[in-house]
Amino acid sequence: MVEEIHGLRPDGTWYGIQIPRGYRHLEMSWQIVWSATTQSILLRINGTSFDATPDTGANYTSQRVVASATTITGAESIATTTPALFVTTGTGSDFDFFSQGRVLFPYYENPNIQKVWISDHAIRRTNASAGLDVSKRGIAYLGLSPIFSLGINTFTAGNIDNGSKIIIRAFD
Amino acid sequence: MTNKGTFGGWEKSIAAEYVLKEQFVSDGSGGTITFDNIPQRFQDIRFTFALRSNNAAVSDTVSCRINDDTAAVYSTQDLNAQATTVTAAENIGTATPIMLVIAGDTAPAGSFAIGEIKSPFYSSTMGNKQLIGSWLTRNDTASGECELYYRGLFWFPTVAGGIPREGIKKIQLSLVSGTGFVAGSVITMYGAGQLSPSRTAS
């Protein structure tokens with residue numbers, strides 16, 4: 001099952017994606033460029049309907065590692081309400097510098113495990129040294145609920161530029 | 001079509017032959033998972049997993065053995081991130097390589113080590129083989145206790161001429177300290193990129 005989403009609505013409300021049921025894993029790929037400053041994209045889960053606000057509880061814990069030039073850094077966010085899935089480029093970036101990545105949601109309907117999603121992500125802000133980042137990120141959802149929807153939002157309102165898209169694939 | 005059986009306390013299901021899928025779901029009693037008779041007709045194999053040990057600690061380790069090779073012909077390279085601390089570690093030429101670090105019995109309830117492992121060109125009859133995994137596991141709810149792992153395991157069997165001539169046909173994953181993966185632990189193996197019958201893996 002493949003769903004391709006264009007024209008995300010980054011206006012400060014949640015963009016709800018009702019995901020298919022009955023599969024074992026969910027995978028999401030993206031390429032996004034942002035018209036304002038560099039922007040973190042949030043991903044929460046389980047809004048009850050399209051556009052509904054997803055789980056707003058402090059139910060997300062994440063750990064990431066980012067490499068840029070010769071520097072590698074780690075960061076965590078414990079029991080947060082604003083789980084960032086990735087960072088996308090902004091106005092300062094050269095044209096067509098999409099942020100691209102992929103995230104896997106293993107066993108997203110399994111009611112016996114707390115859900116985790118793991119992502120790989122690359123971002124190119126400039127061609128200069130330290131203008132490239134690669135990162136890996138894991139986010140744990142502190143609940144057993146099956147994932148039945150995804151909610152995408154940004155920290156601040158603005159515009160996601162043309163060519164941005166998200167592709168969701170459920171499999172097995 | 002699915003065939004089901006039991007293996008070491010695990011329920012085992014095998015999907016239709018044209019799509020390689022083999023899955024183990026633990027009933028809590030088995031501490032070793034064995035993928036055996038792995039077909040050699042795919043380009044890559046991939047595992048997804050959600051695993052937790054009954055070891056009486058916040059975590060446990062899972063060793064890996066390939067093709068029953070007990071020699072010190074494995075090496076691992078690890079990257080680990082905990083809060084702001086990122087560390088690298090290696091283990092060179094060991095007979096007991098650690099593939100995974102997973103949640104133990106005293107980790108937060110419902111918390112499993114969840115992620116994936118890939119082995120590109122696992123069926124190649126040339127060269128070393130690799131398992132590349134990434135996963136998240138939580139030891140506790142406190143800062144620094146949510147660990148992100150990125151690990152490569154290399155298998156370089158010693159054979160005449162020094163060049164390995166076989167693909168990965170068997171993978172065993174065994175708990176080092178615990179006696180069983182807790183009930184609900186699951187690992188699924190897939191084959192990807194089916195090779196044409198007219199071609200030979202290389």
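Colleague: Which residue of β7(A) stands opposite A:Gln39?

Modeller: This is a predicted model, in which local features need pLDDT of at least 70 and side-chain atom pairs count only at pLDDT 80 or more, while totals for chains, interfaces and linings use all residues. Residues are numbered from 1 along each chain as its sequence is written, while chains are lettered from A and ligands numbered from 1 in the order in which they are written. Strand β4 (residues 39–45) of chain A runs antiparallel to β7(A) and is joined to it by 4 bridges; two strands pair if DSSP finds at least two bridges between them. In β7(A), the residue opposite A:Gln39 is A:Thr88.

Colleague: Thanks! Which are the edge strands of the sheet β2-β11-β4-β7 in chain A?

Modeller: This is an open sheet of 4 strands with antiparallel pairing, in the order β2-β11-β4-β7. Strands are DSSP runs of E with at least two residues, helices are runs of H or I with at least four, and both are numbered from the N terminus. Two strands of the sheet each pair on one side only: β2 (15–18) and β7 (84–88) of chain A.

Colleague: By how many degrees are neighbouring strands of this sheet turned against each other on average?

Modeller: Axes are lines fitted to C-alpha atoms, for helices over the stretch in contact, and angles between N-to-C directions run from 0 to 180 degrees. With direction ignored, the average turn between neighbouring strands of the sheet β2-β11-β4-β7 in chain A is 25 degrees.

Colleague: What percentage of the residues in chain A are buried?

Modeller: Chain A has 0 helices and 12 strands. Buried means that 20 or more other C-beta atoms lie within 10 Å of a residue's own, exposed means 12 or fewer, and partly exposed is in between, with C-beta atoms placed from the backbone. Of the 172 residues in chain A, the buried ones make up 41%.

Colleague: And in chain B, which residue of β10(B) is the bridge partner of B:Thr48?

Modeller: Chain B comes to 0 helices and 14 strands. Its strand β5 (residues 42–51) is mostly covered, with 7 of 10 residues buried, and 8 bridges join β5(B) in the antiparallel sense to strand β10 (residues 113–120). There, the bridge partner of B:Thr48 is B:Glu116.

Colleague: Which residue of β13(B) stands opposite B:Val62?

Modeller: Chain B also has an open antiparallel sheet of 4 strands, in the order β4-β13-β6-β9. Within chain B, strand β6 (residues 59–66) pairs with strand β13 (residues 171–175) over 5 bridges. Opposite B:Val62 in β13(B) is B:Leu175.

Colleague: Let's turn to where the chains meet. Which element gives the most to the side of chain A that touches chain B?

Modeller: Here 26 residues of chain A are in contact with 28 residues of chain B; contact means that C-beta atoms, placed from the backbone, lie within 7 Å. On the side of chain A, the elements that give two or more residues are β5 (60–68), β6 (71–80), β9 (116–124) and β10 (132–141). With 6 residues, the one that gives the most is β6(A).

Colleague: How many nonpolar residues are on that side of chain A?

Modeller: Ala, Val, Leu, Ile, Met, Phe, Trp, Tyr, Cys and Pro count as nonpolar, Asp, Glu, Lys and Arg as charged, and the others, Gly among them, as polar. By this split, the side of chain A that touches chain B has 9 polar and 5 charged residues, and its nonpolar residues number 12.

Colleague: How many residues are in the largest nonpolar core?

Modeller: Such a core is a set of buried Ala, Val, Leu, Ile, Met, Phe, Trp, Tyr and Cys residues joined through C-beta atoms within 7 Å. Those with the most contacts inside the largest one include A:Ile41 and B:Ile114. B:Ile114 touches residues of both chains, among them A:Pro106, A:Val116 and B:Trp135, leaving out residues up to four places away in sequence. The residue count of this core is 83.

Colleague: Last one: why is A:Ala140 buried?

Modeller: A:Ala140 lies in strand β10 of chain A. Beyond four places away in sequence, A:Ala140 touches residues including A:Thr61, B:Leu136 and B:Cys146. A:Ala140 is buried because the number of other C-beta atoms within 10 Å is 26.

Key:
Two residues are in contact if their C-beta atoms, placed from the backbone, lie within 7 Å.
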